[in-house]
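Me: I'm new to this one and would like to know how the labels are earned. Can we go through them one at a time?

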Amino acid sequence: MQRSSLLERIKTVKDQHFTALTLDVFRYQAENNPVYRKFLELLGINQAEIQRIEDIPFLPIQLFKEYELQSGQWPAQQIFSSSGTTGSATSKHLVRDTQWYLENARRGFEYFYGDLKDFVILALLPSYLERQGSSLILMAQDFIEQSQSARGGFYLYNQEELIKHLQSIQEEQPMTKILLLGVSFALLDLAEANSIDLGNVIIMETGGMKGRREEITRTELHQRLKLAFHQENIHSEYGMTELFSQAYSKGEGLFLPAPTMRVLAREITDPLQLQSEQRTGVLNIIDLANLDTISFIATEDLGKVHADGSFEILGRLDASDVRGCNLMVI
């Protein structure tokens, strides 16, 4: 099976073709990804016997911290890295083709929100701007460039300048779509210092409270942001270093995955057993855009998956929860 033909199918994947394409991607990676192939061997999995998505084994996400995951042999154009506390291991995601990542991210956003060129995009991402290897910064930079508006840009801690800029855009271009993309702690800082009507601005949080402020629930975060900015809904983006695809929520914390992405839930204490719909489990993610690394990732995010494919994020596994997953680690 050729990589080029799989890429073309992934670009235009439809719901009715997702299962067949996913099984072909599984076979490609089982053959061409040495870490995943070894993982399947340790589990006693015969790849020829996998005929359903539900039977595909998902690789534990922590292996991005321990291995250079590649399907095939190729030089990395870039390496995405996760944030981490001092002394902690960080995930490394080798990128074969940066342009492929950006094209896929654009398609995912525009699937839900429309053409990027119709937006003014402002990015409040201080913690990400202060380090190297952030896939979110690369995506935001590309979105700003694709929007073709000279009024977009990045903001670090200059809150007053950001507020003035938002106000001027609303006053001078009242019909323009405005997206304020921000890390959670920075949006909360902005809200606490400025109560202002941003009613026609799409405010989208990307997560990112850990280590910066006291942890609060997404529900509480959204309530505070809605009150300060006179918003009916706060939007959310769900992505991570280990993914090339994103999911988006237009309110109430209910995410819809991009066309290249599907989410399943597994049981907390049995990593090889899928959880029933609408019951709390740990999320497994299929990301077909990760063709060159691994498309089947067992995350550490707790959540619920609904019948229509939407999902919620409810928290993270703790140390006691992880005990049942130990056999999955090579």
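Me: Why is Ser 147 called buried?

Reply: This is a predicted model, so everything here is computed from it. Ser 147 has 1% relative accessibility, and buried means under 20%, so the label fits Ser 147. Ser 147 belongs to helix H6, residues 135-147.

Me: What does Ser 147 touch, leaving aside neighbours within four places in sequence?

Reply: Ser 147 is in contact with Leu 116, Lys 117, Phe 119 and Ile 121.

Me: Why does His 230 count as partly exposed?

Reply: Its value is 47% relative accessibility. Buried stops under 20% and exposed starts over 50%, so His 230 falls in between and counts as partly exposed. His 230 sits in the loop between helix H9 (218-229) and strand S8 (235-238). Its phi is positive, about 55°, although His 230 is not a glycine.

Me: And why is Glu 252 called exposed?

Reply: Glu 252 comes out at 64% relative accessibility. Exposed means over 50%, so Glu 252 earns the word. You'll find Glu 252 in the loop between strand S9 (247-249) and strand S10 (255-257). Glu 252 also has a positive phi, near 65°, in a residue other than glycine.

Me: How do you know that the length of helix H7 agrees with what's expected?

Reply: H7 covers residues 159-172, which is 14 residues. At 1.5 Å a residue they should span 20 Å, and the end C-alpha atoms are 20 Å apart, so the two agree.

Me: Which residues of H7 are buried, and what covers them?

Reply: The buried ones are Leu 162, Ile 163, His 165, Leu 166, Ser 168, Ile 169 and Gln 170. Their cover includes strands S4 (119-124), S5 (153-155), S6 (177-182) and S7 (201-205), along with helix H8 (184-193).

Me: How does helix H4 do on the length test?

Reply: H4 runs over residues 98-113, 16 residues in total. From first C-alpha to last it reaches 23 Å, close to the expected 22 Å. Its buried residues include Trp 100, Tyr 101, Leu 102, Phe 109 and Phe 112.

Me: What is found at the start of H4 and just after H4?

Reply: At the start, a side-chain oxygen of Asp 97 comes within 3.0 Å of the backbone nitrogen of Gln 99. Polar contacts are pairs within 3.5 Å, and the Asp 97 to Gln 99 distance is within 3.0 Å. Just after H4, Gly 114 has a positive phi of about 95°.

Me: Which residues have the most contacts inside the largest nonpolar core?

Reply: That core has 98 residues, and those with the most contacts inside it include Phe 109, Tyr 36 and Phe 296. Phe 296 touches Tyr 36, Phe 26, Ile 56 and Leu 59, among others, not counting residues up to four places away in sequence. As background, nonpolar side chains tend to be buried together in soluble globular proteins.

Me: How many cavities of 30 Å³ or more are there?

Reply: The count is 2. The second largest has a volume of about 50 Å³. Its lining includes His 93, Arg 96, Asp 97, Trp 100 and Phe 244.

Me: What lines the second largest pocket?

Reply: It is lined by 19 residues, and Glu 54, Val 263, Leu 264, Glu 277 and Val 305 lie nearest its centre. Helix H2 (15-32) and strand S11 (261-266) are the elements that give two or more residues to this lining. S11 gives the most, with 4 residues.

How values were computed: Residues are numbered from 1 along each chain as its sequence is written. This is a predicted model: local features need pLDDT of at least 70, side-chain atom pairs count only at pLDDT 80 or more; totals for chains, interfaces and linings use all residues. Side-chain values use heavy atoms; hydrogens and water are left out. The expected span of a helix is 1.5 Å times one less than its number of residues. Buried means under 20% relative accessible area, exposed over 50%, partly exposed in between (1.4 Å probe, protein chains only). A polar contact is a pair of N or O atoms within 3.5 Å; within protein, one must be able to donate a hydrogen and the other to accept it, and residues adjacent in sequence count only if both atoms are side-chain atoms. A nonpolar core is a set of buried Ala, Val, Leu, Ile, Met, Phe, Trp, Tyr and Cys residues joined through side-chain atoms within 4.5 Å. Contact means heavy atoms within 4.5 Å. On a 1 Å grid over the protein atoms alone, a cavity is a set of points where a 1.4 Å probe fits but cannot get out, and a pocket is an open set with protein on both sides within 12 Å along at least five of seven lines; lining residues have an atom within 4 Å of a point. Grid points are joined across faces, edges and corners, and a volume is the space filled by probe spheres set on the points.
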